[in-house]
Amino acid sequence: MVDSIDFYGEKKWCRKCGKNVRYLMSISHSYCVQCGSVVTLFSKDAWRKFNKQLEAIKEARHGNGHK
Ligand SMILES: [Zn+2]
């Protein structure tokens, strides 16, 4: 039980690892302890929603006069 227990009791989502990971905090971002990528508070599902919204916004912008 001594070995790598959740240190912060909290994890964040790393897109690169594809899972929730422990992270290091910096001033503006948190970083995955495993791969060093920026991690987010979003879960996979939250990302999916978020990306959908982003795409909708992009389409709305790009869709203008594109035919
Ligand atoms: Zn990672």
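**Entry 1. A facing pair.** I began with tyrosine 23, which stands opposite cysteine 32 in strand E4. The model I consulted is predicted. I then looked up the strands around this pair: E3 and E4, the latter covering residues 30–32, run antiparallel and are joined by three bridges.

**Entry 2. The sheet.** I next asked in what order the strands of the open sheet lie. The three strands follow the order E3-E4-E5, and their pairing is antiparallel. I noted strand E3 (23–25) and strand E5 (38–39) as the edge strands, each of which pairs on one side only.

**Entry 3. The core.** Which residues make up the largest nonpolar core? I found five in all: Trp13, Cys14, Tyr23, Cys32 and Val39. Tyrosine 23 and cysteine 32, the facing pair of my opening entry, are thus both listed in this core. I recorded beside this that nonpolar side chains in soluble globular proteins tend to be buried together.

**Entry 4. Valine 39.** I looked up the contacts of valine 39, leaving aside residues up to four places away in sequence. Valine 39 touches Trp13, Cys14, Tyr23 and Cys32, and also Lys12, Val21, Ser30 and Tyr31.

**Entry 5. Lysine 12.** I located lysine 12 in strand E1, which spans residues 12–14. Is lysine 12 buried or partly exposed? I counted it as partly exposed, because 19 other C-beta atoms lie within 10 Å and a buried residue needs 20 or more. With residues up to four places away in sequence again set aside, lysine 12 touches Asn20, Val21, Tyr23, Ser30, Val39, Thr40 and Leu41. For lysine 12 and tyrosine 23, I noted a C-alpha to C-alpha distance of 6.8 Å across a sequence separation of eleven residues.

**Entry 6. The whole chain.** I then turned to the protein overall, which has one helix and five strands. Along the sequence, these elements follow the pattern β-β-β-β-β-α. Of the 67 residues, 7% are buried. Among contacts between residues at least 6 apart in sequence, I found that 19% join residues at least 24 apart.

**Entry 7. Confidence.** I closed with pLDDT, whose mean for the protein is 80, with 76% of residues reaching 70 or more. Among the elements, E4 has the highest mean, 92, and helix H1 (residues 44–62) the lowest, 84.

Definitions and conventions
Residues numbered from 1 in each chain as written. Pairing = 2+ DSSP bridges. Helix = DSSP H or I, 4+ residues; strand = E, 2+ residues; numbered from the N terminus. Core = buried A, V, L, I, M, F, W, Y, C linked by C-beta atoms within 7 Å. Buried ≥ 20, exposed ≤ 12 C-beta atoms within 10 Å, placed from the backbone. Contact = placed C-beta atoms within 7 Å. pLDDT = per-residue confidence, 0-100.
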